[in-house]
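Me: I am new to this structure and would like to see how its terms are justified. Could we go through them one at a time?

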Amino acid sequence: MKIAIIGSGHVGLVTGACFSDLGNDVICMDQDVAKIRLLKNGEIPFFEPGLKELVLKNTAKNRLLFTSNMEEAIQFSQIIFLCVGTPPKENGEADLSAIEHVARAIAPHLTAYRLIVEKSTVPVETGLYLEKMIKKNISRKIKFDIASNPEFLREGSAVQDFFNPDRIVLGIESLRAKELLSELYKPFKVPVLITNIRSAEIIKHASNSFLAMKISFINLVSQICSSVGADIEKVAEGMGSDRRIGKSFLKAGIGFGGSCFPKDLAAFIRISEKMNVSCNILKEVSEINECQKINFVNLIRSKLKKIQGKKIAALGLAFKPDTDDMRNAPAIDVLNQLQMEGADIKAYDPCAMPEAKKYIKGVKFVKNAYQACEDADAALILTEWREFRDIDLKKLKKTLRHPLIIDGRNLYDPAEMKKNGFQYFSIGR
Ligand code: UGA
């Protein structure tokens, strides 16, 4: 099938590359000319495991093209996926200006039927709005359909998630849209949920909010565990073994970050408020997430006595492992606070340092974990990279001035750390 992807960021590029790998002809469009130039040269603007290989393979087979020309993308395709950003406004509401801009730009180029699919995470009723926008800007009487097909791709495992989804959600309201999307998703042997556009839009916001709620719930429980001397890892295992609860997203830590959960939670709160539905539960999820970072700084302060003048090693900066994405990374708030209190920080992340330099100032970025730990009063684990899990603990102990590790991701076994001579503190254990 012939597909256009409008917006070639984390979602668009992965979606485009994966669809092309299934044998479709895909054109990825982005208004950012520099990004398109980079992609045409086989360079990927961000880190995502497996993506570069996929892009190179499919561009070589001529199934994956790039353009910054909207008309070319629209003429090329039967199905148009909208993958542009929907960042939060100051009040938490999703900013739909990119969607609106794209709708205006697509409309004049529609010369025959096209299916336009929302892939970006959007508030409920955006489909309706999109339809109105296109109708308003279309010059001739051309037929088109709108559909919603939310993505459930985690950064760091997006390619893997694309090919192995738990389900495919299709919000469709015409037979033609149903036929086209059913054909496109034919290779996937997983449940396909067909519903209307509004329900599909809500499925995405509600799923992300629910996952964020699971994380905040376990983080709340971790605070209780700390107070009474229980072990959050065992508590989460005990809870998660109940199939009704499930093991995933019960990992306590310094809170969720990234470009999705904080933004989608805020947008879902705004939607609930607009509909006069009480949403204190969602607000509390966000509040607990903020508190988790404050609690972590409190833990650091209590172990170092005072932060002023202390040398601190920050291991991990990205909002999660296997990505270089720094958006809303908990490390930003934690390190800013420590700096405000006078800490002298050396930081290392296996992948996110070029990005981190845009978000964190006044920190010395070094080449590896041991360099960060040289002569430090404490090491902090802020992202659970495998590299830190496999670190040489003996070497680490020799490098640090004080063998103090404060772990915001519960990466190590406390007994093992004690055996290795560390003072080791983590979340809820
Ligand atoms: C999330 C969803 O998981 C995807 O399904 C969705 O498609 C995507 O948002 C999106 O809306 O585009 P992502 O933000 O990439 O994906 O990453 P997650 O793996 O969900 O992690 C989000 C945050 O939660 C990270 O900061 C992670 O460290 C934290 N987390 C996750 C925990 O603190 N504990 C957990 O148990 C799981």
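Me: Which helices each supply at least two residues of the shell around the ligand?

Reply: They are helix H9 (197–228) and helix H11 (261–274), where a helix is a DSSP run of H or I with at least four residues, numbered from the N terminus. The largest share, three residues, comes from H9. This is a predicted model, in which local features need pLDDT of at least 70, side-chain atom pairs count only at pLDDT 80 or more, and totals for chains, interfaces and linings use all residues. Residues are numbered from 1 along each chain as its sequence is written, and side-chain values use heavy atoms, with hydrogens and water left out.

Me: What makes the approach of Glu151 to the ligand a polar contact?

Reply: A polar contact is a pair of N or O atoms within 3.5 Å; within protein, one must be able to donate a hydrogen and the other to accept it, and residues adjacent in sequence count only if both atoms are side-chain atoms. An N or O atom in the Glu151 side chain is 2.7 Å from an oxygen atom of the ligand, so the pair falls within the limit. For Lys320, a polar side-chain atom lies 2.8 Å from a ligand oxygen, while for Leu153 a backbone N or O atom lies 2.9 Å from one.

Me: How many residues of each class does the shell around the ligand have?

Reply: The shell has nine nonpolar, two polar and eight charged residues, where Ala, Val, Leu, Ile, Met, Phe, Trp, Tyr, Cys and Pro count as nonpolar, Asp, Glu, Lys and Arg as charged, and the others, Gly among them, as polar.
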